[in-house]
Amino acid sequence: MIQKNRLYYLDVLRIISSVFVIVIHICILNWGILSPNSLSWQALNIFDALSQIAVPIFFMISGALFLDDKKEISIKDIFFKRIFKLLVAYLVWSIVFVLINPASSWSNAIYRVIQGHYHMWFIPALAGIYIIIPFLKAITKSEKLTKYFLILSVLFTFTLSFISPILKESSVGVFALIGNLLNILRTKLIFRFTLGYSGYFVFGYFLNKTEFSKSMRRIIYIMGIAAALATICFSYLISNSKGTPTDTFYSNTSLNILISSVAFFVFAKYNLNCNNIKEKSHSKLVFLSKCTFGVYLIHPIFIELINKHLHINAVTVNPLLAVPLFTLTVAVLSYISSIILNKIPLISLRDYFICLS
């Protein structure tokens, strides 16, 4: 059944972003140990750079849903209906990953459960934003405050973290000095509320609510393409100059990643809302969307098992072929596993999907 008020493009974005996350974690296996001069590393750099919008898009989706003017959510619901489920999922799956790769001691096991697997940082980060949802909703009720919040976020979170590394690496003394001063400003200024992922959260609300003209959309798309190319080129240039892979411009809080994420979100809003597909296809789309949390939790298991036991990774053959095939394999296995787990009472991951919407 087609749900008239459902934003299907957000479901599409969830599915695409879940695949991008898999690409990132597949590239990680070899990205850091290859020479930036090698063709293999440059191919991984392209895949990795283009996929970095995945996590920002996830935060923007949640912002579009939770900060919606029509959605009422109490502080009790935030803590007991959303954050509690997130933390349960975090605890359970941290234990699963420790069981798969046994710890050397009980103390190490406890530490690893608390620390979580490398990909699970997203859960406490999301929970941290959920805590301040009442404040963010109060801000987004005012168009003026929303824009002010976003301006501060762009300036202090994204722009400074983009400009300062470029200037710091400059061979021109005055530029390097300015870069260091900007970095000191960014780290010393105790200015937290608009920093980090809360900016993406509010951007998701703002972009979903705001209508853009065709000419404005074209400008946004051009900026997004330019930002994506900048991610690829700057990552290569700095890594090449240092002689070692450098992920400065992969940072989720860098201006280039923000612009790419905004452009892709707007593109999806106007082009991927699935208005012309059949009712049955809508149902399948929603079904796959509800499996994405499970895919996010499960996918590293398949990446690590395939790499460890079959010795297959992103550079086993040409990365231009290996990365898409490896990604497709892991995505299919992860979705199948998520679907199976969703059918098992008590541990159904679908029960936890409510904490994301």
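# Salt bridges, a helix crossing and a surface patch

Asp69 and Lys209 are joined by a salt bridge whose closest N and O atoms lie 3.6 Å apart. Because Asp69 sits in the loop between α3 (54-66) and α4 (75-100), while Lys209 belongs to helix α10 (residues 198-209), this pair ties together parts that are 140 residues apart in sequence. The structure is a predicted model, and in it five salt bridges are found.

**The pair Asp69 and Lys209**

- Asp69 has a relative accessible area of 46%, and so this residue is partly exposed.
- Lys209, with a relative accessibility of 47%, likewise counts as partly exposed, since that class covers the values between under 20% for buried and over 50% for exposed.

**The pair Lys269 and Glu211**

- Another salt bridge brings together the side chains of Lys269 and Glu211, with a distance of 3.8 Å from N to O.
- Lys269 is part of helix α12 and Glu211 is part of the loop between α10 and α11 (214-242), so that this salt bridge ties together parts that are 58 residues apart in sequence.
- The two partners belong to opposite classes of accessibility, for Lys269 counts as buried at 12% relative accessibility, whereas Glu211 is exposed, with a relative accessible area of 60%.

**The network around Asp11**

- Arg6, Asp11 and Arg14 are joined into one network by salt bridges that share partners.
- Within this network, the salt bridge between Asp11 and Arg6 has its closest N and O atoms 2.8 Å apart.
- Asp11 is buried, with a relative accessible area of 1%, while Arg6, at 22% relative accessibility, counts as partly exposed.

**The crossing of α1 and α12**

- Helix α1 (residues 8-31) and helix α12 (residues 255-271) have axes that come within 9 Å of each other and cross at roughly 135°.
- The two helices are therefore described as oblique to each other, because an angle counts as roughly antiparallel if it is over 145 degrees and as roughly perpendicular if it lies from 65 to 115 degrees, and the rest of the range between these classes is called oblique.
- The hand of this crossing between α1 and α12 is right-handed.

**A nonpolar patch on the surface**

- Leu328, Val332, Ile336, Ile340 and Ile344 form a nonpolar surface patch, and together these residues have about 420 Å² of accessible area.
- One of the residues in the patch, Ile340, is found in helix α15 (residues 319-342), and at 48% relative accessibility Ile340 counts as partly exposed.

Technical notes:
Residues numbered from 1 in each chain as written. Predicted model: local features only at pLDDT ≥ 70, side-chain atom pairs only at ≥ 80, totals over all residues. Heavy atoms only, no water. Patch = residues over 30% accessible without salt bridge, like charges linked within 9 Å, V, L, I, M, F, W, Y side chains within 5 Å. Areas by Shrake-Rupley, 256 points an atom, 1.4 Å probe, with all protein chains shown as cover. Salt bridge = Lys/Arg side-chain N within 4 Å of Asp/Glu carboxyl O. Helix = DSSP H or I, 4+ residues; strand = E, 2+ residues; numbered from the N terminus. Buried < 20%, exposed > 50% of the residue type's maximum accessible area, 1.4 Å probe, protein only. Axes fitted to C-alpha atoms, helices over the stretch in contact; angles between N-to-C directions. Parallel < 35°, antiparallel > 145°, perpendicular 65-115°, else oblique. Left-handed = near helix turned anticlockwise from the far one by under 90°.
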